[in-house]
Amino acid sequence: MTPLRLGYLHGLGAYLLWGFFPLYFNLLRPAGPVEILAHRVVWSVAFVALLLAALRNIGFLRALLRRPRTLAGIACAATLIAVNWFTYIYGVNSDRVVEAALGYFINPLVVVLLGVLVLHERLRPAQWTALGVGALAVAVLTVDYGRLPYLALTLAFSFGGYSLIKKRLGLPAAEGLFVESAVLALPALAFLGWLAVTGEATFGHVSAGHTALLVLAGALTAIPLLLFAGAANRLPLTVLGMLQYVAPILQLGCGVLIFHEPMPPARLAGFVLVWLALLVFTGDALRQARHTRRLRPGTDMPPPVAVATTH
């Protein structure tokens, strides 16, 4: 199998798993969002620790402990991804899968906006157009919901901030996930201990299947991320930028077709505007990538494409 085909398989595998996450998190009821998040953190640490031990790659921790600024960055990234994970789980378990999917649709636009506000990047006219259409979409959806779509915006901005920090840290996928989860492990264990003492824990008290699903949260967090890393090593970023829309499309389908969440005309209009903004944004990225390849034959380096990598 060629590296390119293997990259496509890895990428599709990652985004298909992320796309069907709403079905998995829905099975974890009656566990609450914070309990699910705590189990996801704890079992992620356990799963990735076993993986790194099998690969004999634990030694990176010693070098990392001598880099306090990197550790501070990891702590910030861990906080943002915890907010993102909690918000997503809360959205699924409160029957707001459609709004959660919206968050990942607008994430690329939010990453570009953060690039302007934080990194002082300069945008091309098409990118400004995409941001303007995206802002109009948020306004339409605000009218439809009767409030800001705060769950979607929280998902998009928390993951956008996480992406910026991760880009600067440059940690490999497994090592990064292990350290981020380890930062969150102590408060997660403390919360699970509190639930056990107060008798409010669902772990071990609902069914054997429910307990197994909570334990599997760690593997189901790590596996798509590792698949994504394999795809990122083999595919141009423009291809990953196109593949990233597979997950929110599937999430939207889960919300509307499986969980039967409403999609009134005004909400559909808001989504259409988001898709129009993404079409402008992606088309501009593809044109710029072709221009770059003409100037530098043989290169696969496209302009920055905001690629969602975790949920």
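Biologist: What makes the lining of the second largest pocket nonpolar, polar or charged by class?

Modeller: In this predicted model, the lining has nine nonpolar, one polar and no charged residues. Ile-106, Leu-109, Val-110, Leu-113, Leu-131, Gly-134, Ala-135, Val-138, Leu-153 and Phe-157 line the pocket. Gly counts as polar, whereas Ala, Val, Leu, Ile and Phe count as nonpolar, so Gly-134 is the one polar member of this lining.

Biologist: Which elements give two or more residues to that lining, and what is the volume of the pocket?

Modeller: The elements are helix 6 (97-119), helix 7 (125-145) and helix 8 (150-169). The volume of the second largest pocket is about 190 Å³.

Biologist: Why are helix 5 and helix 9 called roughly perpendicular?

Modeller: The axes of helix 5 (residues 68-93) and helix 9 (residues 173-198) cross at roughly 80 degrees and come within 9 Å. Angles of 65 to 115 degrees count as roughly perpendicular, and the two helices are therefore placed in that class.

Biologist: Which residues meet where helix 5 and helix 9 are in contact?

Modeller: From helix 5, Ile-74, Ala-75, Ala-77, Ala-78, Ala-82 and Trp-85 meet Leu-177, Val-179, Glu-180, Ser-181, Val-183 and Leu-184 of helix 9. By class, this contact has 10 nonpolar, one polar and one charged residues.

Biologist: How do you know that the span of helix 3 is close to the expected value?

Modeller: Helix 3 (residues 33-54) has 22 residues and reaches 31 Å from its first C-alpha to its last. At 1.5 Å a residue, 32 Å is expected, and the span is close to that value.

Biologist: What makes Arg-56, Asp-95 and the bond from Arg-29 to Pro-30 worth noting?

Modeller: Most residues other than glycine have a negative phi, and most peptide bonds are trans. Just after helix 3, Arg-56 has a positive phi of about 55 degrees. Asp-95, in the loop between helix 5 and helix 6, is not a glycine, yet its phi is positive at about 60 degrees. The peptide bond from Arg-29 to Pro-30 is cis, with omega near 15 degrees, and Pro-30 lies in the loop between helix 2 (21-27) and helix 3.

Terms used: Residues numbered from 1 in each chain as written. Predicted model: local features only at pLDDT ≥ 70, side-chain atom pairs only at ≥ 80, totals over all residues. Heavy atoms only, no water. 1 Å grid on protein atoms, 1.4 Å probe; cavity = no way out; pocket = protein on both sides within 12 Å on 5 of 7 lines; lining within 4 Å. Points joined across faces, edges and corners; volume = space filled by probe spheres on them. Helix = DSSP H or I, 4+ residues; strand = E, 2+ residues; numbered from the N terminus. Axes fitted to C-alpha atoms, helices over the stretch in contact; angles between N-to-C directions. Parallel < 35°, antiparallel > 145°, perpendicular 65-115°, else oblique. Contact = heavy atoms within 4.5 Å. Expected span 1.5 Å × (residues − 1).
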